[in-house]
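This report describes a strand arrangement, the helices that lie across it, and the nonpolar cores. The model is a predicted one.

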Amino acid sequence: MPKRRVTLPLEIVYPDIGPVSFVASQRARRINIRIRADGSIRVAVPRNASLRQAEKFVVEKRDWIARQLRMGEERRRATAELVSRNQGFDSDREAARIRQRLAELAEEHGFSCNRVTIRNQKTRWGSCSANNNVSLNLKLALLPARLMDLVLLHELVHTEIKNHGPEFYRRLTGIIPDCRGLDRELKSYSPLLLTSLPQTPPVNPDEGGKTIRPKHVWSES
Ligand SMILES: [Zn+2]
């Protein structure tokens, strides 16, 4: 479609999601939307697709894009909060708060666990051993409350079901109906895992430092 090449790259501003750049891509096999950590939106338009198709795809994915933008905003806020809390982050107080919330949720939903350990970890938000010892990440204190609850309940459900099979999700969905959506949201916070606390200030995308840039990609399929 050489005709189309003349018109790209092109920026179109949408009322609810703002400017979107449509870029011709030799490599892309499908139309795909990328949202960068700074909130900019780029749509790769492969050779065999038209701008009209790409626009239609963006309109179809508008809700998803808006959601990613909101989450990105929250992530930036969380990181900024992390910076400001860095001076006074009280590990003991935050660990006690996590422990307290775990106890509340366990009581509310009828779970019990063994030993609870809270540490500053870099790889995971939480885990549950075969003996129902629960290990939790201190950085849970930095997440929105609904995501901290998600992790705590995820580990509490593991005290009864050790795998991530249908039974596990049936149980978790019974408590948190949107747990799959929240799982995805939690994934977008994984850069926080790599951030050191409290000694090293975190990388803040707004301050132009070296940043971890998660990319959220939705490909047409
Ligand atoms: Zn799990």
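Thr 117 has Ser 135 in β7 as its bridge partner. Ser 135 is also the bridge partner of Ser 127. A further facing pair is Val 116 and Val 134, the latter in β7.

**The sheet**

These residues belong to an open sheet of three strands, ordered β5-β7-β6, with mixed pairing. Its edge strands, β5 and β6, each pair on one side only. Averaged over the sheet and with direction ignored, neighbouring strands are turned by 10° against each other. Strands of a sheet pair through backbone hydrogen bonds, in either a parallel or an antiparallel way. The two pairings found here are set out below.

| Strand | Residues | Partner | Bridges | Direction |
|---|---|---|---|---|
| β5 | 116-119 | β7 | four | parallel |
| β6 | 126-128 | β7 | three | antiparallel |

β6 and β7 form a hairpin with five residues between the strands, and Asn 132 takes a positive phi there, near 65°.

**Helices across the sheet**

Which strands does α4 lie across? The helix α4 lies across β5 and β7, and runs at about 145° to β5. The helix α5 lies across β6 and β7, where its direction is at about 10° to β6. Thus β7 is crossed by α4 and also by α5.

**Nonpolar cores**

The largest nonpolar core contains 24 residues, and Leu 140, Leu 147 and Val 151 have the most contacts inside it. At least two residues of this core come from each of α4 (91-109), β7 (134-137) and α5 (145-158). Which element gives the largest share of the core? That element is α5, with eight residues.

Leu 147 can be followed further along the chain. Apart from neighbours within four places in sequence, this residue is in contact with Leu 182, Glu 185, Leu 186 and Tyr 189.

A second core, separate from the one above, has 14 residues. Ile 35, Ile 41, Ala 49 and Ile 65 are among them.

**Summary**

In this predicted model, β7 pairs with β5 in parallel and with β6 in antiparallel fashion. The helices α4 and α5, together with β7, each supply at least two residues of the largest nonpolar core. The other core, of 14 residues, is separate.

Methods:
Residues are numbered from 1 along each chain as its sequence is written. This is a predicted model: local features need pLDDT of at least 70, side-chain atom pairs count only at pLDDT 80 or more; totals for chains, interfaces and linings use all residues. A nonpolar core is a set of buried Ala, Val, Leu, Ile, Met, Phe, Trp, Tyr and Cys residues joined through C-beta atoms within 7 Å. A residue is buried if 20 or more other C-beta atoms lie within 10 Å of its own, exposed if 12 or fewer, and partly exposed in between; C-beta atoms are placed from the backbone. Two residues are in contact if their C-beta atoms, placed from the backbone, lie within 7 Å. Two strands pair if DSSP finds at least two bridges between them. Axes are lines fitted to C-alpha atoms, for helices over the stretch in contact, and angles run from 0 to 180 degrees between N-to-C directions.
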